[in-house]
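Let's take a walk through a protein chain together, one step at a time. Keep the picture open beside you and turn it as you read.

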Amino acid sequence: MIKDYLKVGISNLFHRKLRSWLTMVGIFIGIAAVVALISLGQGMKEAIGNVFLNIGSDKLVVRAKSGLQFSGPPGSSSASNLTAHDIDVIKRVKGVEEVGARLIKPAKLEFSKEVRFYFAASMPDDEEGRRLITEVNRYEIESGRLLKKGDRFKIFIGSNVANKGVFKKKNIELGNTIKINSAEFEVVGILKKSGNPQQDRVVIVPEDTLREFLRIDEKKVDVIAVKVQKGVDVNKVAEEIEKAMRRDRDLEIGKEDFELSTPQQILATLDNILTIAQIVLVGIAAISLLVGGIGIANTMYTAVVERTKEIGIMKSVGAQNKDIMLIFLIESGLLGLTGGAIGIAIGIGLSKLVEFLAFKFLGTSLIKAFFPWYLIIGALLFSFLVGAISGLLPARQAASLKPVDALRYE
């Protein structure tokens with residue numbers, strides 16, 4: 001019986017092709033927007049999660065709160081209050097395996113007569129610090145080498161810096177010279193493209209050299225990276241470091257002038273932000289679904305009027321109210337389902353296009369499209385329900401018609 005109803009519903013949709021297509025516009029626009037937004041949001045969550053997974057769950061970062069009010073990277077503020085003494089305090093905490101500190105400072109960069117105001121980050125001069133900073137940031141060389149002990153006025157740069165991401169006129173190659181605050185630095189390494197915008201745009205300078213030409217106190221640091229011993233709880237070590245630094249600085253709880261962050265904390269914060277953004281955007285896209293639902297209701301009301309005699313004939317040969325109602329519900333549901341299927345295809349295409357354009361023009365692989373099975377199935381079911389619910393009142397109207405009145409209708 002249901003099979004027969006489906007045949008009738010499909011036949012009626014094809015009988016009114018133009019009207020069916022126009023009715024489905026609102027549905028597939030809404031579904032396309034929802035699928036594209038959710039897939040990109042989920043893709044970003046997956047990509048960001050993989051970045052932090054690669055960093056490792058055994059790392060944490062300490063930075064000064066004073067640097068948070070500035071728009072630059074962590075530690076770009078000259079008001080940083082972290083020092084070499086804090087490194088010693090952290091090293092004494094049980095569970096800490098390695099500690100590495102670095103500077104991140106605003107600077108004037110010049111290459112091929114182009115001037116840019118940018119950031120220069122330091123590479124520690126000690127072996128432990130270099131190893132930890134390299135591991136945390138996952139620096140991988142495409143050509144040349146990383147900095148080594150004893151390097152002076154040498155730098156390595158991210159792939160976007162080398163390939164017209166900062167300087168637009170000319171690519172930077174190994175052996176080229178970049179001026180940083182009028183001091184000349186030779187490029188000895190170019191990193192592999194990672195897809196992480198921050199990593200692909202780095203300019204890394206030996207720490208002693210950066211301190212020398214920017215005249216930075218040798219005790220000042222901007223960011224301290226900490227590696228926790230294997231098998232030790234990172235959150236527990238973070239609590240102990242916070243206690244030790246608070247005790248050393250004679251600070252009360254809640255009045256710290258520094259902050260600690262673990263990959264899990266940062267990931268949870270980003271996940272919450274992305275989820276809220278998704279909810280807002282999907283809510284906006286749902287307006288199209290509402291419009292589509294109204295369109296389906298309008299079409300089905302028109303169908304009831306057009307097919308009044310047909311309804312009278314079906315009732316006169318034994319069709320019951322529930323049969324008539326089911327036929328119209330299936331037909332309106334099919335309108336929603338078909339619109340949803342088209343919308344899913346459009347949404348997949350749109351999100352893949354955004355992914356491609358982001359990688360092509362922005363050089364980032366963090367914007368990815370992700371299509372979990374529940375998104376596709378959920379979108380199809382939702383579009384079918386929107387169609388069926390929108391057709392509920394017209395279906396009830398059709399079912400309530402009396403056979404005699406329906407047959408008399410002109």
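How many residues lie between strand 4 and strand 5 in their hairpin? Before we answer, please keep in mind that this is a predicted model. The hairpin has two residues between its strands, and S112 in that turn has a positive phi of about 50 degrees. On either side of the turn, strand 4 covers residues 104-111 and strand 5 covers residues 114-123. The two run antiparallel, joined by eight bridges. To see one of these bridges, find E110 and look across to its partner in strand 5, V115.

Now stay with strand 5 and look for another partner. Strand 5 also pairs with strand 10, residues 203-206, and here the sense is parallel, with three bridges. S122 has V205 of strand 10 as its bridge partner, and M123 stands opposite P206 in strand 10. Strand 10 has a further neighbour to show you: strand 7, residues 154-157, runs antiparallel to strand 10 and is joined to it by two bridges. In that pairing, I157 is matched with V203. As you look along these strands, a general point may help: in a regular strand the side chains alternate between the two faces of the sheet.

Let's step back and take in the whole chain. It has 14 helices and 13 strands. Of its 410 residues, 47% are buried. The accessible surface comes to about 21200 Å², and carbon and sulfur atoms account for 60% of that surface. How do parts of the sequence come together? Among contacts between residues at least 6 apart in sequence, 79% join residues at least 24 apart. For an example of two residues separated along the chain, take K309 and P403: they are 94 residues apart in sequence, and their C-alpha atoms are separated by 8.5 Å. K309 lies in helix 10, and it counts as partly exposed because its relative accessibility is 40%, between the cut-offs of 20% and 50%.

Next, go inside. Which residues touch the most other members of the largest nonpolar core? They are I31, V35, I311, I324, F328 and A398, out of 26 residues in this core. Several helices build it together: helix 2, helix 9, helix 10, helix 11, helix 12 and helix 13 each supply at least two residues. Apart from this core lies another, of 24 residues, and among them are I155, I178, V203 and V205. You have already met V203 as the partner of I157 and V205 as the partner of S122. Back in the largest core, V35 is a good residue to zoom in on. Leaving out residues up to four places away in sequence, V35 touches I344, G347, I348, L375 and A379.

Nonpolar residues can be found on the outside of this model too. I276, V280, L281, I284, I287 and V291 make a nonpolar surface patch of about 570 Å². Of these, I276 lies in helix 9. Is I276 buried or exposed? It counts as exposed because its relative accessibility is 55%, and the exposed class begins over 50%.

Finally, let's look at charged side chains, where the count comes to 20 salt bridges. One of them joins E135 and K227, with 3.5 Å from N to O. This pair links distant parts of the chain, with E135 in helix 4 and K227 in strand 12, 92 residues apart. E135 is partly exposed, with a relative accessible area of 29%, whereas K227 is buried, with a relative accessible area of 15%. A second salt bridge brings together E212 and R152, at 2.9 Å from N to O. Here E212 is in helix 7, while R152 is in the loop between strand 6 and strand 7, 60 residues apart. E212 counts as partly exposed at 42% relative accessibility, and R152 counts as partly exposed at 41%.

A third salt bridge, also given as 2.9 Å from N to O, is formed by E256 and R246. E256 lies in the loop between helix 8 and strand 13 and R246 lies in helix 8, so this pair ties together parts that are 10 residues apart in sequence. Both E256 and R246 are buried. To end the tour, go back to E135 and K227: through salt bridges that share partners, they form one network with K59.

Note on methods:
Residues are numbered from 1 along each chain as its sequence is written. This is a predicted model: local features need pLDDT of at least 70, side-chain atom pairs count only at pLDDT 80 or more; totals for chains, interfaces and linings use all residues. Side-chain values use heavy atoms; hydrogens and water are left out. A nonpolar core is a set of buried Ala, Val, Leu, Ile, Met, Phe, Trp, Tyr and Cys residues joined through side-chain atoms within 4.5 Å. Buried means under 20% relative accessible area, exposed over 50%, partly exposed in between (1.4 Å probe, protein chains only). Helices (H or I, at least four residues) and strands (E, at least two) are DSSP runs, numbered from the N terminus. Contact means heavy atoms within 4.5 Å. Patches are made of residues with over 30% relative accessible area and no salt bridge: like charges are joined within 9 Å, nonpolar side chains (Val, Leu, Ile, Met, Phe, Trp, Tyr) within 5 Å. Accessible areas come from the Shrake-Rupley method with a 1.4 Å probe; for residues, only the protein chains shown count as cover. A salt bridge is a side-chain nitrogen of Lys or Arg within 4 Å of a carboxyl oxygen of Asp or Glu. Two strands pair if DSSP finds at least two bridges between them.
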